[in-house]
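Please open the model in your viewer and keep the selection panel at hand. The stops below go from the whole chain to single residues.

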Amino acid sequence: MTKKICETIIKISTITLLASIIIILGILYDYFISMQFSQQKNELELAAQGVILNGEEYFVGINTKNYRITWIENDGKVLFDSKINANDMENHIKREEFMEALKNGYGESQRKSSTFAEKTMYSAKKLPDGSVLRISSTQISIISLVFGIAQPILFVSLCAVGASIFFARKVSIKTVSPLNRLDLENPLSNEVYEELSPLLVRIDRQNKKIKSQLDDLAQKNKEITYVTEHVSDGIIMLNKKGNVISANKKAKELLHCSDGNYYLDFCRNLEYKRTVEMAQKGEKSSCTLKIGDLVYRIFASCIHMNNDDIAVFMFISDVTDEENAQQMRREFTANVSHELKTPLSAIMGSAEIIKNGIVKQEDIPHFATKIYEEASRLLNLIQDIIKLSRLDEVGLKAEFSPIILGDIAQAVKNELCEKALKKEISIDLICNKSRIRGYLPVIHEMIYNLCDNAIIYNNKGGKVNIEIETKGNQGIFSITDTGIGIAKNEISHIFERFYRVDKSHSKETGGTGLGLSIVKHGAELHRATINIDSEIGIGTKITVIFPLL
Ligand code: ADP
């Protein structure tokens with residue numbers, strides 16, 4: 001803008017200067033011509049005095065450098081000429097100045113010289129004897145005038161151009177500097193040119209609009225950042241080239257990636273590579289990624305941006321529990337088939353022998369007993385499997401109610417009384433009215449299984465102590481037996497499904513290997529913890545700690 005103002009001022013000054021010079025030159029030229037005529041007239045007057053006094057003698061030896069002097073008879077015949085021989089000259093009767101002088105006493109005229117492209121000025125005066133004296137001189141031309149005053153004109157022009165450049169710069173800087181100092185953050189606080197007021201008001205309005213839009217954007221950004229940073233899943237956004245544009249905290253923790261990283265820099269898994277590549281081609285894809293003990297599922301999809309660009313959006317979700325549950329289900333199904341096969345095979349074997357009539361009449365009761373025992377085992381197994389799957393189903397749907405642990409323990413003791421008597425085992429129950437919130441069928445099943453095991457894996461004439469107490473906000477159920485005990489290395493496995501310490505004796509005990517699994521599931525459902533303390537040959541103590549109401 002400074003440059004533009006500067007250029008405009010210089011242009012205007014130069015044009016004004018040129019116009020002034022032309023006008024001045026015109027005026028000067030006119031002035032010089034009139035001056036030249038009046039000077040020539042004065043010279044004519046002096047010469048006329050000389051001719052009147054001295055006659056023809058006046059012209060003898062006359063030296064006229066700048067003028068030409070001509071004496072003309074009243075009939076137009078040239079009597080004397082300072083430049084050319086008078087006899088060689090034509091009659092001057094028709095000359096304008098001559099005729100005017102004869103008529104008015106004085107005459108003037110200007111004519112273009114026939115030889116030179118310059119004008120000659122003529123002044124003529126009628127003398128008392130009727131003759132006419134004429135003086136002529138070459139009129140100054142405009143070019144010679146220009147050349148004559150070229151130096152001062154040039155000097156003045158240069159000074160004027162220099163001054164205009166200097167002032168143009170000053171004026172433009174002075175004009176622009178308040179604009180440069182404008183506080184556009186607070187446009188209305190500026191005190192500059194009045195003409196700028198509407199513009200400043202508009203800028204102020206725009207500023208307010210932009211500020212409110214920015215505030216909205218910042219708020220939305222804050223919300224999105226809060227959500228993405230606190231979400232339990234990882235979120236990564238890749239650009240077209242596969243570099244990370246943004247990643248939330250969880251994604252950075254999981255994949256150790258940071259903004260700008262290439263997607264293969266932090267994970268070299270082939271499935272992951274294929275998933276990203278497919279998303280880059282515009283197809284939705286997913287894969288499973290194992291990181292440490294955890295299993296993650298990556299969902300990738302392509303997002304089309306406004307400017308025809310694409311981005312890959314990745315969602316990393318922790319599916320460890322899901323995967324583990326699936327794995328457990330697979331293992332459970334395999335185990336169930338295996339467990340069911342054993343008694344069924346035994347039943348089929350015995351039934352087949354009877355069917356084929358190979359068995360003697362007296363041996364039939366033996367095979368029938370075998371079939372009965374195996375069928376009971378099968379039934380127990382199926383019942384336990386049903387209990388377990390019900391427990392899975394009940395899960396969070398279970399409706400909890402206040403339960404007095406002691407009442408259930410008493411009921412279980414009564415149920416197992418006969419079984420204990422057979423092995424001459426005494427059951428002692430010490431309990432208070434400790435109340436917990438729980439699901440009655442499950443709590444009953446848990447206590448029943450623990451008491452049942454304490455009898456099954458006890459020695460003849462052994463003891464079982466059941467104790468229920470309250471400590472702080474915990475209801476503690478503990479059962480101690482004087483049985484065979486469990487080896488230290490087996491303790492961590494006994495809660496696994498179908499796990500039995502002594503597989504060879506499971507037929508005798510009638511165990512399914514699911515009892516403690518049900519206890520463990522029940523404990524999880526009630527957020528209870530289980531502690532186990534056991535020693536081979538001495539006995540086992542199992543404690544279940546329930547949170548109180
Ligand atoms: P099972 O139906 O075989 O009893 P459980 O899941 O109840 O299955 O128990 C798993 C295994 O843990 C049993 O086979 C047994 O070897 C061991 N066990 C459970 N309770 C006791 C106990 N009180 N004393 C000794 N061993 C026990």
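## The whole chain

Begin with the full chain shown as a surface: about 34,200 Å² is exposed, and carbon and sulfur atoms supply 56% of that area (Shrake-Rupley method, 1.4 Å probe; for residues, only the protein chains shown count as cover). Keep in mind that this is a predicted model, in which local features need pLDDT of at least 70 and side-chain atom pairs count only at pLDDT 80 or more, while totals for chains, interfaces and linings use all residues. Residues are numbered from 1 along each chain as its sequence is written, and side-chain values use heavy atoms, with hydrogens and water left out.

Switch next to a cartoon, where the secondary structure comes to 13 helices and 17 strands (DSSP runs numbered from the N terminus, helices being H or I of at least four residues and strands E of at least two). The radius of gyration of the chain is 65 Å, well over the 24 Å that the globule rule gives for 549 residues, so the chain is more spread out than a compact globule (the radius is taken over C-alpha atoms, and the rule is 2.2 Å times the number of residues to the power 0.38). Turned along its principal axes, the chain has C-alpha atoms that fill a box of roughly 200 × 60 × 35 Å.

Colouring by accessibility shows 35% of the 549 residues as buried (buried is under 20% relative accessible area, exposed over 50%, partly exposed in between, with a 1.4 Å probe and protein chains only). Among contacts (heavy atoms within 4.5 Å) between residues at least 6 apart in sequence, 54% join residues at least 24 apart.

## Two loops with a positive phi

Most residues other than glycine have a negative phi. Select Glu-424, in the loop between helix 9 (405-422) and strand 12 (426-431), where phi is positive at about 55° although the residue is not a glycine; at 51% relative accessibility, Glu-424 counts as exposed.

Move on to Arg-527, in the loop between helix 13 (515-525) and strand 16 (529-535). Arg-527 is not a glycine either, yet has a positive phi of about 55°, and with a relative accessible area of 74% this residue is exposed.

## Last stop

Finish at Tyr-457, in the loop between helix 10 (440-456) and strand 14 (463-471). Is Tyr-457 exposed or only partly exposed? Its relative accessible area of 35% makes Tyr-457 partly exposed. Add Ile-484 to the selection: this residue is 27 residues from Tyr-457 along the chain, and their C-alpha atoms are separated by 6.0 Å.
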